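Colleague: I have the sequence and the model open on the bench. Walk me through them, please.

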Amino acid sequence: LPKQTYSSYTAATRTFAVTGTALPTSGDALSGVPAAIIRPSTGAYEMVKVESNTSSAAVFTEPLAVLTPASGDLIVFGAIPLDCVSGEIHDNHPEIAKWIEAMTLGHEVESAATEVFVGACADNDDPSIYPAGDYCAMTETDGEHHFWLRTPRGRSVQFRILAFARGYRVRLRGYALSIRSQAPQEIEG
């Protein structure tokens, strides 16, 4: 199912206009299909359900309650969310400042395209997805992607893995996380 870019949203009619390839309109078209509106810059998203559609717009069954759509937002029709957030990582040393330097994520290669985003944070922030353009394409032939995360320093750190598969499972093989600190016991693994 198609992934599209936001063009405009009319709250009164719950109509989300898109740019890109024309949406399917034959039969029931996208009626009843779940969709995710995604803000790639932060990883914020809202799940919706399509009531009806034209070739360039979808009408939702309910008004948006979480996001006010903005330039750069995406909509993925048929989306199945995978949203994993780690617990706070402090390595039994909350007094030592630390940061997540990077993550290498291994995945199974799929023929259908989707993107897997990774984000991280320090202390009590939410793990935002940044930079927005850095994602792991499930069609990459090596099935591995290296993310430079470089969080601010904090007493604890967290990471997040976010994907919206289109009708199939996201298969992640594993990840290697690089956490740094000013102390000699830097963590790899």
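Colleague: In β2, which residue is the bridge partner of S8?

Modeller: This is a predicted model, where local features need pLDDT of at least 70, side-chain atom pairs count only at pLDDT 80 or more, and totals for chains, interfaces and linings use all residues. Residues are numbered from 1 along each chain as its sequence is written, and side-chain values use heavy atoms, with hydrogens and water left out. Strand β1 (residues 3–10) pairs with β2 in the antiparallel sense over 5 bridges; strands pair if DSSP finds at least two bridges between them. In β2, S8 has as its bridge partner A17.

Colleague: How many helices and how many strands are there in the protein?

Modeller: Helices (H or I, at least four residues) and strands (E, at least two) are DSSP runs, numbered from the N terminus. From the N terminus on, each element in the run is a β. The count is 0 helices and 14 strands.

Colleague: In what order do the strands of the closed barrel run?

Modeller: Strands of a sheet pair through backbone hydrogen bonds, either parallel or antiparallel. Here the barrel is closed, has 6 strands and uses antiparallel pairing. Neighbouring strands of this sheet are turned by 45° against each other on average, direction ignored, with axes as lines fitted to C-alpha atoms (for helices over the stretch in contact) and angles from 0 to 180 degrees between N-to-C directions. The order is β1-β2-β5-β4-β3-β6.

Colleague: Which residue of β6 does T5 stand opposite?

Modeller: β1 and β6 pair in the antiparallel sense over 3 bridges. Strand β3 (residues 34–39) also pairs with β6 in the antiparallel sense, over 4 bridges. From β3, I38 has L74 as its bridge partner in β6. T5 stands opposite L74.

Colleague: Which residues of β6 are buried on each side?

Modeller: Buried means under 20% relative accessible area, exposed over 50%, partly exposed in between (1.4 Å probe, protein chains only). Both faces of β6 (residues 74–77) are covered. The buried residues are L74 and V76 on one side, I75 and F77 on the other.

Colleague: And strand β11: which of its residues point to one face and are buried?

Modeller: In a regular strand the side chains alternate between the two faces of the sheet. β11 (residues 144–148) follows that alternation, with E144, H146 and W148 pointing to one face and not buried. The strand runs antiparallel to β8, joined by 5 bridges, and its E144 stands opposite G106. The buried side chains, on the other face, are H145 and F147.

Colleague: What is the angle between the planes of F16 and F60?

Modeller: F16 lies in strand β2 (residues 15–19) and F60 in strand β5 (residues 57–60), 44 residues apart. F16 counts as buried because its relative accessible area is 0%, and F60 counts as buried because its relative accessibility is 0%. Rings of Phe, Tyr and Trp (its six-membered ring) pair if their centres lie within 6.5 Å; planes under 30 degrees apart count as stacked, over 60 as edge-to-face and the rest as tilted. This pair is tilted, 5.8 Å centre to centre, and the planes meet at 40°.

Colleague: Which strand gives the most to the largest nonpolar core?

Modeller: A nonpolar core is a set of buried Ala, Val, Leu, Ile, Met, Phe, Trp, Tyr and Cys residues joined through side-chain atoms within 4.5 Å. The largest has 20 residues, and those with the most contacts inside it are I100, V116, V118, L149 and F159. β8 (98–107), β9 (115–122), β12 (157–166) and β13 each supply at least two residues of this core. With 5 residues, the top contributor is β12.

Colleague: How far apart in space are L177 and A102?

Modeller: L177 is found in strand β13 (residues 172–181). L177 counts as buried because its relative accessibility is 6%. Among the residues that F159 touches (contact means heavy atoms within 4.5 Å) are I100, Y175 and L177. L177 and A102 are 75 residues apart in sequence, yet their C-alpha to C-alpha distance is 6.1 Å.

Colleague: Is V170 buried or exposed?

Modeller: V170 is found in the loop between β12 and β13. V170 touches L82, V116, M138, A163 and A165, not counting residues up to four places away in sequence. Because its relative accessibility is 19%, V170 counts as buried.
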